[in-house]
Structure formats: C-alpha cells, structure tokens
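Student: Could you take me through a close look at one small part of this model, and then show me how its surroundings are put together? I would like to follow it step by step.

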Amino acid sequence: MNDSIRPLTSTRLTRWLFHCASPPVFYPLAGRLIPWFWALAALFGIAGLYVSFFVAPTDAVQGEAYRIIFVHVPASWMSMFIYLVMAFWAGVGLVFNTRLSGMMAQALAPTGALMAVLSLWTGSLWGKPMWGTWWVWDARLTSELILAFLYIGFIALQASIDDPRRADKAGAILALVGVVNIPIIYFSVKWWNTLHQGASVSLTKSPSMAQTMLWGMLLMALCFWMYSIAVALMRVRAIILEREAATEWVKHAVE
Amino acid sequence: MNAVWAMARRDLLLALRRKSEVLTALFFFVIVCSLFPLGIGPEPALLRKIAPGVLWVAALLATLLGLPRMFAADHQDGTLEQMALSPSPLGLLVAGKILAHWLVSGLPLVLLAPVLGIQFDLAPDALGVLVLALLLGTPLLSLIGAIGAALTLGVRGGGVLLALLVLPLYVPALIFGAGAVEAHIAGLAFAGHFSLLGAMLAVALFFAPWATTAALRIALES
C-alpha cells in the first residue's frame, strides 16, 4: 500500500517545490517570510548577547577578551556553511535549469564573503591580546583567507558577465570546483603548517568549555543563521525584480 | 585518442608559428625569479631557504600568462564552435589543448628551473627534487587553469579575473610542490609530497577536462 502512495506524494511534493521556485510565486512568499526571520534574528541576537556578556563567566586564562568568540565562531561557521549552500543551489540550477537557484546562489555570495571577512577580522582582534600578534599562518586562518578569496572570485566572475543566465552557470561551475577544492585546500594548509613549524600557537580551545559559553555561542549562531536567511531573501527579491523587470507580474508587484 | 594528439599537434604548431608569446612567458619566469635576490639581498643561506617557494610562485604566475590564450583565438574565429560540433567528444579535444598548453608553457619551466635554482645556490640533489616536483605540478596548473580560462572566455576584464579565480585553487599545488623541495633540504622524506601531488594530478586529469568542457559549452551558448 505504501508503494502506491509514495510516488504520488513525491510528485506532489516536487510539483509544489517547482511551483514555489517560480519567481512570481517566490517573490511575495519571500516578502512575507523576511520580517519573521528578522524578528527571530533580533530575538536570538538579544538573548545571545545577553548570555555572552552577562551570564557567561570570565575565562580563567583568557580574561574578558575571549568574548569575541561569540561573534567569531558563528561567523566562521556561517562562512563555511553558506559556501556549501551556495554551491548546492548552483548545482541545482545547473541540473534542473531552474532560474531561482542561480539567483539564490548569487544572493548568498556577498553574505558569505561578509562572514569570512568578519571571521578573519574578529579572529585577529582575538589574536592580538591572546597570542600577541594580529595574524598567524595557522591552518584555519589560512584556509579561511582562501575561502574569502573564493567568494570574491565568485562575485567577480558573476559581476563581469552581462548575460545573467551565463553568469549563473559559470558561477555554478566555479562554486562546484571550489567545493571540491575546499577540503583539499584545508588539509594541504594543515599539513603545510604542521610540516613547517611546531605548534607554537594552537587554536584548539580548552577542552572543557563552560555550559553557558556554549549556550551563548549557539544562540549567536542561530542569530547569524536568521540574519543570513533574511538578508539573502531580501537580496534575492531585488535580483528577481531586476531580472524579471520586463514581465507583466513585476509591473503589478511594484505598484 | 587520435583527437587528443591531433588537437595537441595543431596547438603546438600554432605556438611554434608565434614563438614570441611562448618566449615572453618564459622570460617572465626568469625575470620574476631574478628580482627576488635583488629585493631581498644576496645572502646564499637566505636564498637557499626561499628558492623553492620563489621558483614555484614564479611558475604559477608564468603559467597564468598563457592561460587566456588557450581558448581565446579559437573562440573568436569560430573554431571552438566547430570543435563543439565535431564527432569526437569536446572533452578529448579540450584535453589535447591542455596537453599542448602544458608542453608549451609548463615543460619549458621545468627545464629552466635547475638553471634558476643554481642562481639560488641550491644543491644538485635539491635541484633534482625541484625538477621532479615541477614535472608533477605544472600539468596540474594547466588542468586547473583550463577551467578558469574557459569560465572567463570572452568576459570583461578576463585576464585579471582569471588570476583571481585560479590562484586560490593553485594553493595546494604550491604547498606540496615547494614543500617537497623544502622537506628534502631539511633532510626529511619528500615521497609524501610527491604522492599527494600525484593524487591531485590524477583527480584533476579526470575532472578538469570535463569541467572545462561544461564551462566552454556555457560560453558558446550565449
């Protein structure tokens, strides 16, 4: 009995997904969702900042300055995760030839680049008091830097191609090549670093992290998630309007 | 397989007819390498230490110079469209072009490297490791570069953009290529570096012509 139901539901699901992926449907849908994501971002942000500034204890070794990790760690997570999501949408766009997927990838790239830069920036702010230096050629720092370069390459490639369909596809191939390369780059940098120098500086945190610190970090990570989704949706709406400017429904939507 | 050789032969012939382009990239390699001692100072100990990295970075940049030409001329005069329509798979033809690019702009670097290495006071056995590392690494550079060249085909500001796209992807080759020589100088085993370079080359050999073909088809569509 199950067998007879499954194909039906799956086709209904895919039909519904493809229906939502059409720009005239997605544009108002995203518009309705955006305030919710902003509200959640604010909620998690306030809770996360409260926990990280007032609840989490002062670190025994690192003092107050460690609190930058409540921004730094979520930003690093997001920078890597957004690249994967971007590559996923780019791949979907290549395979199914759906217009919205390419727009989604294009909308995610600036946020991902922002996160990568933010992660590098806060990392060096943390490094100065802890290690006494702004920058160390540590494996994680170096691979984060290269990730930022990959984002910039993706944005630059899309920006320099006028035809949006071609820009989407070219960007998709670059994003997918980048995804294959990210683990290679990460491990090569890691081995390079361990071959070069002893562990003069280790990024590994103390094994036991206070429970409240973890909570603060998780809340901030959720805040960054919601922010990224909200901003990406806003950007994708702008891209939809730009690309579909000639269509009838956009004229009505803008009125 | 005939298609690969035919394509490689044709590109080599074209390169031989226009020698200046090839030689420019080679002299660029030589000049970049010679600039470093001038900028850093002539201490032999320091030069020995930086030699592998400098030679490898110069090799990356010199390979980059030839990349925009890989498909540009064929794209302009319509040959590329004929290639896409031809009965032999475009992927094989692309592999032939990559092979030709390596023979023209990768292999000469490998052969020149020992001469420049002597300038940096490298020991003979270190020179041998350097040549082997470049021999494994430069095909990788051509393969990855071909993807970038195809993506930036006919795009505004193609040359600079190509560097921006391709150089981050060259990082692993640089690390293990220069790392092998450095490990050897430090008296460590370098076989691991060579294995990793070889593994990356094998992966790139399989995927790069395929990705390049996909990128070329996108460029031809519009």
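Tutor: Setting aside residues up to four places away in sequence, Ser52(A) touches Arg67(A), Phe70(A), Gly216(A) and Met220(A), where contact means that two C-beta atoms, placed from the backbone, lie within 7 Å. The model is a predicted one, in which local features need pLDDT of at least 70 and side-chain atom pairs count only at pLDDT 80 or more, while totals for chains, interfaces and linings use all residues. Residues are numbered from 1 along each chain as its sequence is written, and chains are lettered from A and ligands numbered from 1 in the order in which they are written.

Ser52(A) belongs to helix H2 of chain A, which covers residues 23-55; helices here are DSSP runs of H or I with at least four residues, and strands are E runs of at least two, numbered from the N terminus. Ser52(A) counts as buried because 22 C-beta neighbours lie inside 10 Å (buried needs 20 or more other C-beta atoms within 10 Å, exposed 12 or fewer, partly exposed anything in between). Gln158(A) is 106 residues from Ser52(A) along the chain, and the C-alpha atoms of the two are separated by 38 Å.

From this residue we can turn to the core. The largest nonpolar core, a set of buried Ala, Val, Leu, Ile, Met, Phe, Trp, Tyr and Cys residues joined through C-beta atoms within 7 Å, has 149 residues, and among those with the most contacts inside it are Met86(A), Ile144(B) and Ala215(B). Its largest share, 15 residues, is supplied by helix H7 (residues 124-151) of chain B. Neighbours within four places aside, Ala215(B) is in contact with Ala170(A) and Ile173(A), as well as with Ile147(B), Ala150(B) and Leu151(B).

That brings us to where the chains meet, with 23 residues of chain B in contact with 23 residues of chain A. On the side of chain B that touches chain A, H7, H8 (158-169), H9 (171-185) and H10 (191-221) each supply at least two residues. The residues of that side divide into 18 nonpolar, three polar and two charged, with Ala, Val, Leu, Ile, Met, Phe, Trp, Tyr, Cys and Pro taken as nonpolar, Asp, Glu, Lys and Arg as charged, and the others, Gly among them, as polar.
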